[in-house]
Protein chains: 2
Amino acid sequence: MYSIGQAAELTGFSIDTLRYYEKIGLTKQPERSPAGVRSYSEDDVKRLSSLHCLKRTGLSLEEMKAFLQEGRCFANPAFPLSGEDREAIESRTRILGEHLSRMEAQYRALADVMGQTREKLDFYRDLLAKEAAAK
Amino acid sequence: MYSIGQAAELTGFSIDTLRYYEKIGLTKQPERSPAGVRSYSEDDVKRLSSLHCLKRTGLSLEEMKAFLQEGRCFANPAFPLSGEDREAIESRTRILGEHLSRMEAQYRALADVMGQTREKLDFYRDLLAKEAAAK
DNA sequence: CTAGATGCTGGAGCCGGCTCCAGGTCAACA
DNA sequence: TGTTGACCTGGAGCCGGCTCCAGCATCTAG
C-alpha cells in the first residue's frame with residue numbers, strides 16, 4: 001500500500017494531479033485509512049502508471065476515460081449477447097477504432113517531423129564539424 | 001496571393017488562429033494591401049502548412065518558434081565561423097536535439113499504446129464475430 | 001509533548017491556446 | 001446607392017488541465 005506521495009513518485013503524476021483525476025472521476029477512489037488518508041494498492045499504481053503512459057501519447061482526459069472504461073467484463077460472455085452488451089461492445093469498438101486511427105495519423109506525422117528534424121540537425125552538426133576541421 | 005480566408009482553408013488553421021500566431025510573433029507578417037488586408041504568398045502558405053504539421057505532432061507554440069527560427073542563413077557560411085555564429089548554431093543544434101529526443105520518446109510511447117489498443121480492438125471485434133457466428 | 005512532514009478539503013488562480021465579439025472599413029455587385 | 005460579405009482591430013472570454021493556497025487533522029521522531 002502506498003501513500004499519495006509515493007503513488008505520485010511512482011506514477012509520474014503530481015499529488016495534486018492524482019487528487020484532481022479522482023475528483024473529476026477519471027480514476028477510481030483508492031482505499032482510505034480510518035483517518036481518511038488515501039492508500040493506493042500495487043494495482044492502483046499500475047493502472048495509474050499506464051494512464052501516465054497514455055497521457056504522454058497525447059490523449060485527452062475524456063479519451064482516457066473512455067479508454068479506461070472499456071476494461072470491464074466481457075472476458076467470457078455468453079452467446080448470444082444481450083442487446084445491451086452488444087451495444088456496449090460496439091461502442092467500445094468504435095471508440096477504440098477512432099483512437100487508433102488518430103494515433104496512427106499522429107504517428108505518421110511524428111515520423112515525418114522527426115525525419116525533417118534529423119536532416120536539419122545533421123546539417124548543423126556538419127557545419128560544426130567543418131568548423132572544427134577548419135580550426 | 002491568398003486572402004486570410006483562403007490561407008486558413010489551405011493550411012488547416014482557422015482565420016483567428018492565423019491572426020493570433022501573427023500577433024504573438026510566431027509567424028511573420030504577411031504583406032498587406034493598401035487597405036490593410038493581409039495577402040499571403042504561396043510561400044507563406046507553405047510555411048504555414050508545415051507549421052500545421054508540426055503542431056499536429058504536439059509541439060508547443062514556443063517550440064515551434066524555436067523550430068522556425070533555425071531556418072535562417074548558414075546555407076554557405078564562411079569558415080572559421082564568428083563566435084556569434086558558432087553559438088547560434090550550437091544553440092539550434094541543442095534545441096533540435098532535445099526536440100528530437102522528445103519526439104522519439106513520444107514515438108515509442110505511441111507505438112506502445114497503439115499496440116495495446118489494437119489488442120483490445122481485436123478482442124472486441126472477435127467477440128462481435130463470435131456473436132455473429134452464434135446468431 | 002512538541003515540531004515537522006505529510007495528508008485532507010474546497011476553492012481560487014493560472015497558463016496555453018485559441019475563439020468570439022463589437023464596431024468599423026472596404027469592394028463589388030444589382 | 002445600398003446591401004452583402006470578407007476583412008480589420010482590440011480586447012474579453014473560454015476550456016482543458018492542472019497548480020496553489022488556507023486552514024485544519026494526523027502521524028512520527030526526538
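Colleague: Which residues of H1(A) are buried?
Modeller: This is a predicted model, where local features need pLDDT of at least 70, side-chain atom pairs count only at pLDDT 80 or more, and totals for chains, interfaces and linings use all residues; side-chain values use heavy atoms, leaving out hydrogens and water. Residues are numbered from 1 along each chain as its sequence is written, while chains are lettered from A and ligands numbered from 1 in the order in which they are written. Helices (H or I, at least four residues) and strands (E, at least two) are DSSP runs, numbered from the N terminus, and buried means under 20% relative accessible area (1.4 Å probe, protein chains only). With that in hand, the buried residues of H1(A) are Ile4(A), Ala7(A), Ala8(A) and Thr11(A).

Colleague: Seen down the axis of H1(A), within what arc do its buried residues fall?
Modeller: An α-helix has 3.6 residues a turn, so residues three or four places apart point the same way. The arc is taken from the directions from the helix axis to the C-beta atoms. The buried residues of H1(A) line one face of the helix, because they fall within an arc of 100°.

Colleague: What do these buried residues of H1(A) pack against?
Modeller: Contact here means heavy atoms within 4.5 Å. By that test, the partners in chain A are H2, strand S2 (38-39) and helix H3 (42-56).

Colleague: Which residue follows H1(A)?
Modeller: Look just past the end of the helix, at a residue whose phi is positive, near 95°. That residue is Gly12(A).

Colleague: Let's turn to the DNA. How many residues surround DNA strand C?
Modeller: A residue is near a strand if one of its heavy atoms lies within 4 Å of it. The closest to DNA strand C are Ser3(A), Gly5(A), Arg19(A), Arg38(A) and Tyr21(B). Altogether, the residues around DNA strand C number 19.

Colleague: Which element gives the largest share of the surface near DNA strand C?
Modeller: Helix H1 (4-11) and helix H2 (15-23) of chain A, along with helix H2 (15-23) of chain B, each supply at least two residues. The largest share, 4 residues, comes from H2(B).

Colleague: How far is a polar side-chain atom of Arg19(A) from a phosphate oxygen of DNA strand C?
Modeller: A polar contact is a pair of N or O atoms within 3.5 Å. Side chains of two other residues also reach a phosphate oxygen of this strand: Arg38(A) at 2.7 Å and Tyr21(B) at 2.5 Å. For Arg19(A), the distance is 2.4 Å.

Colleague: And how do the residues near DNA strand C divide into nonpolar, polar and charged?
Modeller: Ala, Val, Leu, Ile, Met, Phe, Trp, Tyr, Cys and Pro count as nonpolar, Asp, Glu, Lys and Arg as charged, and the others, Gly among them, as polar. Sorted this way, the surface has 7 nonpolar, 6 polar and 6 charged.

Colleague: Of the atoms of DNA strand D within 4 Å of the protein, what percentage belong to sugar or phosphate?
Modeller: Of the 19 residues around DNA strand D, those that come nearest are Asp16(A), Tyr21(A), Ser3(B), Arg19(B) and Arg38(B). Polar side-chain atoms of Ser3(B) and Arg19(B) lie 2.7 Å and 2.4 Å from a phosphate oxygen of this strand. Bases account for the rest of those DNA atoms, and the sugar or phosphate part is 74%.

How values were computed:
A polar contact is a pair of N or O atoms within 3.5 Å; within protein, one must be able to donate a hydrogen and the other to accept it, and residues adjacent in sequence count only if both atoms are side-chain atoms. Buried means under 20% relative accessible area, exposed over 50%, partly exposed in between (1.4 Å probe, protein chains only).
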